[in-house]
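This report describes a single protein chain and its ligand surroundings. The sequence and the structure are shown first.

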Amino acid sequence: MKKHWYDYLWIAEIVYLGLGMFNILFAWLGMVFFITPLVVAIAGGGKSYCNRYCGRGQLLDVLGGKLRLSRNVPPPAWLRSKWFRYGFLTFFMAMFGWMVYNTYKVFSGMPLRQAVSLLWVFKLPWLWADVDAVAPWAAQFAYGFFGVMLTSSTLGLATMALFRPRSWCVYCPMGTMTQGICTLKHGKGIGIIGRTGEESGGTAETAGQRESAADTLRAD
Ligand code: SF4
């Protein structure tokens with residue numbers, strides 16, 4: 001199959017995480033991964049971000065599929081259920097809102113907290129970062145947002161190892177949101193637009209579709 005430039009966006013995901021380790025301020029770049037799928041879905045591009053341009057999804061494919069770091073077994077039914085996906089989205093967005101609130105508190109005069117939160121529980125001290133170049137609130141947002149990205153990457157890798165390579169896509173908040181936007185715009189069934197044999201999985205509205213998407217990925 002002919003390769004396109006966007007087939008290598010998994011490298012951008014690795015570079016992003018590496019840059020964030022080097023200097024936390026690079027975490028801001030992750031907003032591109034956050035906003036682009038929503039803009040694409042709202043603009044009528046459906047799930048094309050998930051299907052083609054998501055570096056994280058591709059990276060899970062590379063690690064779990066090509067490098068065989070995945071058990072490659074179907075994710076459990078509860079992980080694919082609607083209540084879990086929308087429940088996780090709600091929890092994830094609540095944590096995101098809390099992160100934005102902490103940014104606001106630093107903007108209002110609270111001292112900067114130089115730590116990255118992993119899995120919302122573990123506070124990793126991140127004292128080597130040089131953040132003097134920016135306002136404290138901008139640095140606080142970078143710490144918080146990098147924690148969001150590290151946490152989602154960790155969950156993605158864990159579910160990749162335990163289940164199928166792209167099991168994270170089953171409950172990824174961005175995938176759930178773009179799925180919701182597509183459904184609102186076009187009605188039921190649009191969620192599988194773009195799920196052809198040469199495209200990646202992303203999220204699908206039903207467990208069956210998710211399964212076949214994962215199967216498609218393995219076939220690639
Ligand atoms: S569901 Fe999430 S991780 Fe998967 S392809 Fe879409 S945006 Fe990327």
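The sections below treat the overall fold, the ligand shell, the nonpolar cores, the hairpin and selected residues.

**Basis and confidence**

The structure is a predicted model, in which local features need pLDDT of at least 70 and side-chain atom pairs count only at pLDDT 80 or more, while totals for chains, interfaces and linings use all residues. Residues are numbered from 1 along each chain as its sequence is written. The pLDDT is the predictor's confidence in each residue, from 0 to 100. Its average over the chain is 86, and 85% of the residues score at least 70. Among the elements, α7 has the highest mean pLDDT (97) and helix α10 (residues 207-219) the lowest (38). Over residues 191-220 the pLDDT stays under 50. Where pLDDT is low, the predicted coordinates should not be read in detail. The model nevertheless has 63 contacts beyond four places in sequence for residues 191-220, a contact being a pair of residues whose C-beta atoms, placed from the backbone, lie within 7 Å.

**Overall fold**

The chain has ten helices and two strands. Helices (H or I, at least four residues) and strands (E, at least two) are DSSP runs numbered from the N terminus. Read from the N terminus, the order of elements is α-α-α-α-α-α-β-β-α-α-α-α. Of the contacts between residues at least 6 apart in sequence, 76% join residues at least 24 apart. Buried residues make up 35% of the 220 residues in the chain. A residue is buried if 20 or more other C-beta atoms lie within 10 Å of its own, exposed if 12 or fewer, and partly exposed in between, with C-beta atoms placed from the backbone.

**Ligand shell**

Twelve residues surround the ligand, and Cys 50, Cys 54, Gly 57, Cys 172 and Gly 175 come nearest. A residue is near a molecule if its C-beta atom, placed from the backbone, lies within 6 Å of it. Helices α4 (55-66), α8 (168-171) and α9 (173-186) each give two or more residues to this shell. By class, the shell holds seven nonpolar residues, four polar and one charged. Here Ala, Val, Leu, Ile, Met, Phe, Trp, Tyr, Cys and Pro count as nonpolar, Asp, Glu, Lys and Arg as charged, and the others, Gly among them, as polar.

Gly 57 is also one of the buried residues of α4, which include Arg 56, Leu 59, Asp 61 and Gly 65. After α4 comes Arg 68, which has a positive phi near 55°.

**Nonpolar cores**

A nonpolar core is a set of buried Ala, Val, Leu, Ile, Met, Phe, Trp, Tyr and Cys residues joined through C-beta atoms within 7 Å. The largest contains 13 residues, and Ile 24, Ala 27, Ala 142, Tyr 143, Phe 145 and Phe 146 have the most contacts inside it. Helix α7 (residues 136-162) contributes the most to this core, with eight residues. Beyond its neighbours within four places in sequence, Phe 145 is in contact with Ala 27, Gly 30 and Met 99. Another core, of twelve residues, lies apart from the largest; among its members are Cys 54, Leu 59, Met 160 and Cys 172.

**The hairpin**

Strands β1 (residues 115-118) and β2 (residues 122-125) pair in the antiparallel sense over four bridges; pairing requires that DSSP find at least two bridges between the strands. Leu 118 stands opposite Phe 122 in β2, and Val 116 has Leu 124 as its bridge partner there. Three residues lie between the strands, and one of them, Leu 119, takes a positive phi near 55°.

**Selected residues**

Most residues other than glycine have a negative phi. Trp 120, in the loop between β1 and β2, has a positive phi of about 65°. Asn 72, in the loop between α4 and α5 (77-80), likewise has a positive phi, of about 60°. The table gives the exposure of these and two further residues.

| Residue | Other C-beta atoms within 10 Å | Class |
|---|---|---|
| Gly 87 | 12 | exposed |
| Leu 19 | 16 | partly exposed |
| Asn 72 | 16 | partly exposed |
| Trp 120 | 15 | partly exposed |

Gly 87 belongs to helix α6 (residues 82-107). Its C-alpha atom is separated by 9.8 Å from that of Pro 173, 86 residues apart along the chain. Leu 19 is found in helix α1 (residues 9-22), and its C-alpha atom is 9.7 Å from that of Leu 29, ten residues apart in sequence.

Methods. Two residues are in contact if their C-beta atoms, placed from the backbone, lie within 7 Å.
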